[in-house]
Amino acid sequence: MNFELTEVQREIQKMCRDLAARELIPNARRWDETHEWPSAAVKKLAELSLLGVAVPEALGGAGLDNLSYALAVEEVSRGCASTGVIMSVNNSLYCDPIAKYGTDEQKREFLVPFARGERLGCFGLTEPEAGSDAAAQKTTAVKKGDQYVINGSKNWITCGPRAAAMVLFAMTDKAAGHKGISAFLVPTDSPGFNRAPPDRKMGISAALSCSMYFEDLKVPVSRRLGAEGDGFKVAMSTLDGGRIGIAAQAVGIARASLEEALAYSAERRTFGKPIRDHQAIQFMLADMATEIDAARLLLWKAALLKDQGARHSVESSMAKLYASEMASRVTNKGLQIHGGMGYSKELDAERHVRDARITEIYEGTSEIQRIVISNTLMKD
Ligand code: CAA
């Protein structure tokens, strides 16, 4: 097995590391405190072709592989976890399904400007009563002539307040269960598309999310993504890629925590020496580094399988499960190493704990990842 990155992969990694150092790390604490959308960061992501990393160049993207994408999300998230998830949602949850299932016309209208970063997209699957049980959609799409009329609601839609379009899932046949779900491409300025104010959250505060309400929202049949009834498979296969993005985000957050703890442990002195000369601290740092590397290996495996065009549901779930729980453990150790200062808003250690926590919940909770993994084990 070759762990050597290609020149292009090293270049994108370095480019994103520089972006984090210059533009993200100096601002991330303020964006978190003010719940401010990181406009400058999103603009930079667009300029650097980071909003459609694995989308072919002919369709407005950077035309790179999914390992490059994972490397980029890790570096961006190391600088600002909110910016990391904004990047992940546009790449994985919005552009990816359109690149895979869209018609040429849909790609022209709904993919190219979004992969270029001129506009942002979002992913409308979660509902008040359909979170983990994604097949229990209550939003309906009723076909009338050459259009569907959509009624219902979505919530926790990351980037929802700023998105120009949504991949929206709705029931076209309530009696058919998951086989009755279809996917649609919907501009968010359509009549009947209403947005609530941004949610107030524990972490990733700058990655604004909100609820959406649809009242007789009309969508032409030509904007259905994939065949009628294929929406659940569109959603699940999209999340296989999305979970790679969240695993990369978790690794990036954990790395920020480790790097800051390492630096602090060299400065802070107790009992006459820097705290990193105490074995208790050394062991924590060693565990943090080992767990980060283990998570990254699972992440790279899932990304490489996606690049090979192989089914990677289990590998993505394992990467997301391990990386997200690892990020919570590591950021808590990072906070602990900082002692009282770790609990203070003057440093970033407490923000990393709050930002890490969501990675165990969105794009499928840890419990859902365990279901995906164990279902496959039991099939074999
Ligand atoms: N790819 C393709 N098809 C898939 C698939 C995949 N990864 N996973 C399942 N399917 C197919 C199955 O093959 C099956 O097809 P058939 O009926 O033809 O046999 C069908 O889908 C149903 O599969 P299951 O019986 O496994 O489905 P289920 O109802 O038991 O649910 C689940 C499976 C794993 C629990 C699923 O509901 C799930 O992943 N839930 C979590 C949802 C989630 O992650 N939500 C996150 C929202 S997005 C978000 O958080 C975005 C954000 O803001 C950042």
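**Helix packing and a few notable residues**

Helix α3 is mostly covered, with 14 of its 14 residues buried. The structure is a predicted model, and this helix makes a handy starting point. Its 14 residues, 66–79, should span 20 Å at 1.5 Å a residue, and the C-alpha atoms at its ends are indeed 20 Å apart, so expectation and model agree.

Next comes helix α4, which packs against two partners. One of them is helix α6. Residues 81–101 form α4 and residues 231–267 form α6, and the two pack at an angle of about 155°, with axes 9 Å apart. The pair is therefore roughly antiparallel, and α4 passes α6 in a right-handed crossing. On the α4 side, the contact is made by A81, V85, S88, S92, L93, P97, K100 and Y101. From α6 come K233, V234, S237, T238, L239, G241, G242, G245, I246, Q249 and I253. Sorted by class, this contact holds nine nonpolar, eight polar and two charged residues.

The other partner of α4 is helix α5, made of residues 104–115; here the angle is about 150° and the axes lie 10 Å apart. With an angle over 145 degrees counting as roughly antiparallel, α4 and α5 therefore fall into that group. Their crossing is left-handed. Here α4 contributes N90, Y94, C95, I98, A99 and Y101, while α5 brings Q106, K107, F110, L111, F114 and A115. The class tally for this contact is nine nonpolar, two polar and one charged. As for Y101, this residue of α4 appears in the contact with α6 and again in the contact with α5.

Back towards the N terminus, α1 and α2 also pack against each other, at an angle of about 155° and with their axes 10 Å apart. That makes α1 roughly antiparallel to α2. The crossing of these two helices is left-handed. Its contact is made by L19, E23, L24 and W31 from α1, together with A41, K44 and L45 from α2. By class, that gives five nonpolar residues, no polar ones and two charged ones.

The loops hold a couple of backbone oddities. H35 sits in the loop between α1, which covers 7–34, and α2, which covers 39–47. This histidine has a positive phi of about 55° although it is not a glycine. At 22% relative accessibility, H35 counts as partly exposed, because the buried class takes in values under 20%. Then there is S49, found in the loop between α2 and α3. Its phi is near 60°, again a positive value in a residue other than glycine. S49 is partly exposed too, at 34% relative accessibility.

A third loop residue tells another story. H338 is in the loop between α8 (313–337) and α9 (349–358), and with a relative accessible area of 6% it is buried. Setting aside neighbours within four places in sequence, H338 is in contact with E260, A261, Y264, L347 and A349. E260, A261 and Y264 fall in α6, the helix of residues 231–267.

Two lysines are tucked away as well. K320 belongs to helix α8 and, at 0% relative accessibility, counts as buried. Along the chain, K320 and A247 are 73 residues apart, yet their C-alpha atoms are 4.4 Å from each other in space. Not counting residues up to four places away in sequence, K320 touches R243, I246, A247, T359, E360, I361, Y362, E363, G364 and Q369. Among these, I246 also takes part in the contact between α4 and α6.

The other lysine, K306, lies in helix α7, residues 279–307. K306 is buried, its relative accessible area being 18%; a value under 20% is what puts a residue in that class. Apart from its neighbours within four places in sequence, K306 is in contact with N66, D96, G241, I244 and H312. N66 is a residue of the covered helix α3, which runs over residues 66–79, and D96 falls within α4, residues 81–101. G241, for its part, is one of the α6 residues that meet α4.

Conventions
Residues are numbered from 1 along each chain as its sequence is written. This is a predicted model: local features need pLDDT of at least 70, side-chain atom pairs count only at pLDDT 80 or more; totals for chains, interfaces and linings use all residues. Side-chain values use heavy atoms; hydrogens and water are left out. Helices (H or I, at least four residues) and strands (E, at least two) are DSSP runs, numbered from the N terminus. The expected span of a helix is 1.5 Å times one less than its number of residues. Buried means under 20% relative accessible area, exposed over 50%, partly exposed in between (1.4 Å probe, protein chains only). Axes are lines fitted to C-alpha atoms, for helices over the stretch in contact, and angles run from 0 to 180 degrees between N-to-C directions. Angles under 35 degrees count as roughly parallel, over 145 as roughly antiparallel, 65 to 115 as roughly perpendicular and the rest as oblique. A crossing is left-handed if the near helix is turned anticlockwise from the far one by less than a right angle, and right-handed if clockwise. Contact means heavy atoms within 4.5 Å. Ala, Val, Leu, Ile, Met, Phe, Trp, Tyr, Cys and Pro count as nonpolar, Asp, Glu, Lys and Arg as charged, and the others, Gly among them, as polar.
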